[in-house]
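Hi everyone, thanks for coming. Let's take a few minutes to walk through a protein model together, and please keep the picture in view while I talk.

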Amino acid sequence: MPKVIKRFSVRRRESKFLLREFSRVLGVDSEKIFGVKPRIEIVNLKRNKTVYLINGEPLIAMYEDAIFPTLFFKVYVNQLPKVTVDMG
């Protein structure tokens, strides 16, 4: 597991900005999924990696400038298209 460099909570104004950005990038309604006032924490890791804890769960990650959902973000992951692999 990567070493945590810094962990802190964001203010309400920053929280709104982050939720709008997540909604734009991931194409989801963040207010519907996370609620009106979610608690957002930022965990900075080594080498430009950031994990966003939303209500205590690591749901969003960012590497350099790319934002993507983690596998813990079940609401989003369940909406993704499925692939079936046939051995024949």
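Let's begin with R24, which counts as exposed because its relative accessibility is 61%, and exposed here means over 50%. Keep in mind that we are looking at a predicted model. R24 has a partner: it forms a salt bridge with E21, with the closest N and O atoms 2.6 Å apart. Where do R24 and E21 lie? Both are in helix α1, three residues apart, which is about one turn of the helix. E21 has a relative accessibility of 22%, so it counts as partly exposed.

While we're on this helix, have a look at S23, which also lies in helix α1, residues 12-26. The side chain of S23 is joined to the side chain of S30 by a polar contact of 2.8 Å. If we leave aside neighbours within four places in sequence, S23 is in contact with V28, D29 and S30.

Back to salt bridges. How many does the structure hold? There are three. We've met one, between R24 and E21. Another pairs R7 with E41, where the closest N and O atoms are 3.0 Å apart. R7 sits in strand β1, residues 4-9, and E41 in strand β2, residues 40-45, so this pair ties together parts that are 34 residues apart in sequence. E41 also forms a salt bridge with R39, again with 3.0 Å between the closest N and O atoms. That gives us a network of salt bridges linking R7, R39 and E41.

Is E41 buried or exposed? E41 is buried, because its relative accessible area is 9%, and the cut-off for buried is under 20%. Its partners are another story: R7 counts as exposed at 52%, and R39 as partly exposed at 46%.

Now for the empty space. The largest pocket holds about 200 Å³. Twelve residues line it, and the closest to its centre are L45, V51, A61, F68 and T70. Which strand gives the most to this lining? That is β4, with four residues. Both β3, residues 49-54, and β4, residues 57-63, supply at least two residues each. By type, the lining divides into nine nonpolar, two polar and one charged.

One last stop: D65, in the loop between β4 and β5. D65 counts as exposed, because its relative accessibility is 76%. Its C-alpha atom is separated from that of R7 by 19 Å, and the two residues are 58 apart along the chain.

Thanks for listening!

Technical notes: Residues numbered from 1 in each chain as written. Predicted model: local features only at pLDDT ≥ 70, side-chain atom pairs only at ≥ 80, totals over all residues. Heavy atoms only, no water. 1 Å grid on protein atoms, 1.4 Å probe; cavity = no way out; pocket = protein on both sides within 12 Å on 5 of 7 lines; lining within 4 Å. Points joined across faces, edges and corners; volume = space filled by probe spheres on them. Nonpolar A, V, L, I, M, F, W, Y, C, P; charged D, E, K, R; others polar. Buried < 20%, exposed > 50% of the residue type's maximum accessible area, 1.4 Å probe, protein only. Polar contact = N/O pair within 3.5 Å; in protein donor to acceptor, adjacent residues only side chain to side chain. Contact = heavy atoms within 4.5 Å. Salt bridge = Lys/Arg side-chain N within 4 Å of Asp/Glu carboxyl O.
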